[in-house]
Amino acid sequence: MTARIIDGKAIAAELRGKVAAETRRLAARGIVPGLAVVMVGNDPASEVYVRNKSKAVIEAGMRSFDHRLPAMVTEAELLAVVQRLNRDAAVHGILVQMPLPRGIDAAKVIAAVDPAKDVDGFHPLNVGKLAAGWPGPVPCTPLGCVLLAKTVHASLAGLEAVVIGRSNIVGKPLAQLLLRENATVTIAHSKTRDLPAVCRRADLLVAAIGRAEMIRSAWIKHGATVIDVGVNRVAGKGGKTRLVGDVAFAEVSEVAGAITPVPGGVGPMTIACLLANTLSAAGGSLSSVVCLQLFQP
Ligand code: NAP
């Protein structure tokens, strides 16, 4: 069997097109959605993410407000910037790029963001809403993963879903979303016993680990859908580096029914979902719930 490649780039482009169309409708009513991205320091990977996010925001017809703060900024100064953005009516979404430098309490900063502008869905109030099954912003990467899975499965109800990773950013919210979709969810992590056996149960396997090509073909149920969140930089040819996921793509493709590539899978969906969350925060009708209904095979 050779797996169908789930084209995250194309699916993300479709979602971005829908966001741009809804943004135009909102702008005609005098509301231009605005996203503020706050970045502290100059971590090269974060620089690339922030640049790509700002470009996508502008392409969607939204306003982008970038705030670059020096690595030496104090926690109080950063919190003051967040408070100012909370009060700014032109800013509908606020994203504080992680990781933050040592000495700044990330939890304090996340909690300082107005929950209505929390397009990352990391604020404790929004984490609680997701757990309770209430509407609210849903973290972008997990939302993107579910949207990709729904391009393969008309319904995720009753599927055995295994999520490897339990971070607050990906694993935990993804498990909540899959539960909301009526999948039977297992969360695996570094202390899970016999991980290959747990993975072999999965109709839907999501890897969010951060370990290059750890998931092997012998771990995959025949025909399973595999979503690879991992982004790992490894040595390539001629002294260069290349990106790989947490899944050994070539060999797993021989067993899986559908699989996301890295790059070109989950990554583009994360940005598209951020745009959808910003639009929703500005009053547009493309909420996470609506997004989840859009992508059916
Ligand atoms: P994280 O906070 O480091 O969490 C990694 C998770 O993997 C932890 O729960 C850890 O378990 C688990 N784990 C580590 N080693 C394991 C092992 N040998 N067996 C089983 N589980 C293991 O990472 P994250 O922020 O969730 O990100 C995960 C990956 O996704 C990274 O590669 C990151 O770059 C990528 N990512 C991509 C996007 C995107 O848009 N494409 C967005 C976010 C993240 P413990 O909890 O037991 O330590």
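In the predicted model, a polar side-chain atom of S167 is placed 2.6 Å from an oxygen atom of the ligand. Two further residues make comparable approaches through their side chains: an N or O atom in the side chain of R166 is 2.7 Å from an oxygen atom of the ligand, and a polar side-chain atom of T270 lies 2.8 Å from an oxygen atom of the ligand. When the ligand is taken alone it exposes 920 Å², and 70% of that area is buried by the protein.

The shell around the ligand holds 20 residues, and those that come nearest are R166, S167, S190, V231 and T270. Sorted by class, this shell consists of nine nonpolar, nine polar and two charged residues. Among the elements of the fold, helix α10, which spans residues 266–281, gives the most to the shell, with three residues.

The open space of the model was examined next. The largest pocket contains about 1500 Å³ of space, and its lining is made up of 50 residues, of which Y49, T141, V231, G267 and T270 lie nearest its centre. Two or more residues of this lining are given by each of α1 (8–28), α2 (44–59), β4, α6 (140–149), β9 (232–235) and α10. Of the elements, α2 gives the most to the lining of the largest pocket, with nine residues, and by class the lining has 28 nonpolar, 12 polar and 10 charged residues. V231 and T270 thus appear among the residues that come nearest to the ligand, and V231 and T270 are also listed among the residues that lie nearest the centre of the largest pocket.

The second largest pocket has a volume of about 300 Å³. It is lined by 15 residues, and the closest to its centre are F122, V127, N168, I169 and P173. The elements that supply two or more residues to this lining are α4, α5 (124–132) and α7 (171–180), and the largest share, four residues, comes from α5. The classes found in the lining of the second largest pocket are 10 nonpolar, four polar and one charged.

Enclosed space was considered separately from the pockets. Rolling a probe the size of a water molecule over the atoms shows where empty space is left. The count comes to one cavity of 30 Å³ or more, and the volume of the largest cavity is about 80 Å³. The residues that line the largest cavity are I94, L95, V96, M98, V109, I110, V113, D118, D120 and F122. Both β4 (93–96) and α4 (106–112) give two or more residues to this lining, and β4 gives the most, with three residues. The lining of the largest cavity divides into eight nonpolar and two charged residues, with no polar residue. F122 belongs to the lining of the largest cavity, and F122 is also one of the residues closest to the centre of the second largest pocket.

Finally, the strands were examined. Six strands form an open sheet in the order β1-β11-β8-β7-β5-β6, with parallel pairing. The edge strands of this sheet are β1 (4–5) and β6 (184–188), each of which pairs on one side only. Within the sheet, strand β7 (residues 204–207) pairs with strand β8 (residues 225–228) in the parallel sense over four bridges, and A207 has D228 of β8 as its bridge partner.

How values were computed. Residues numbered from 1 in each chain as written. Heavy atoms only, no water. 1 Å grid on protein atoms, 1.4 Å probe; cavity = no way out; pocket = protein on both sides within 12 Å on 5 of 7 lines; lining within 4 Å. Points joined across faces, edges and corners; volume = space filled by probe spheres on them. Nonpolar A, V, L, I, M, F, W, Y, C, P; charged D, E, K, R; others polar. Near = heavy atom within 4 Å. Polar contact = N/O pair within 3.5 Å; in protein donor to acceptor, adjacent residues only side chain to side chain. Areas by Shrake-Rupley, 256 points an atom, 1.4 Å probe, with all protein chains shown as cover. Pairing = 2+ DSSP bridges.
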